[in-house]
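Student: I have a structure open and do not know how to read it. Please take me through it step by step.

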Amino acid sequence: MAKNGSITALEADPNDPEDFEVSAEAVAQALAERRRRLGGRPRGSDKEQVSLRLDKDILARFRADGPGWQTRINEALRKGM
């Protein structure tokens with residue numbers, strides 16, 4: 001085992017082509033790229049995640065129109081204000 005600061009790592013197996021050493025910087029970069037791919041709300045968004053119970057028929061109607069149903073519900077609520 002190799003010791004890198006406070007992180008303990010296993011040595012790569014030279015007989016295994018899929019086993020290789022990875023630096024802490026490479027791991028950090030891979031995690032940052034994964035977070036970007038996962039998406040989510042952009043920083044500074046004025047949206048808030050909530051749990052809300054809706055009647056099944058209302059939810060089915062909005063979902064029937066395809067992707068973007070949450071946005072359409074938000075727009076309908078805004079019109080009702």
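Tutor: What follows covers confidence, layout, exposure and surface patches. This is a predicted model, in which local features need pLDDT of at least 70, side-chain atom pairs count only at pLDDT 80 or more, and totals for chains, interfaces and linings use all residues. Residues are numbered from 1 along each chain as its sequence is written, and side-chain values use heavy atoms, with hydrogens and water left out.

Student: What is the mean pLDDT of the protein?

Tutor: pLDDT is the predictor's confidence in each residue, from 0 to 100. Here the mean is 82, and 84% of the residues reach 70 or more. Where pLDDT is low, the predicted coordinates should not be read in detail.

Student: Which elements have the lowest and the highest mean pLDDT?

Tutor: Helices (H or I, at least four residues) and strands (E, at least two) are DSSP runs, numbered from the N terminus. The protein has three helices and two strands, in the order β-β-α-α-α. Strand β1 (residues 2–4) has the lowest mean pLDDT, 51, and helix α2 (residues 56–64) the highest, 96.

Student: Is F20 buried or exposed?

Tutor: Buried means under 20% relative accessible area, exposed over 50%, and partly exposed in between (1.4 Å probe, protein chains only). F20 lies in the loop between β2 (7–9) and α1 (24–38). F20 counts as exposed because its relative accessible area is 57%. R37, in helix α1, is exposed as well, at 63% relative accessibility. Of the 81 residues of the protein, 4% count as buried.
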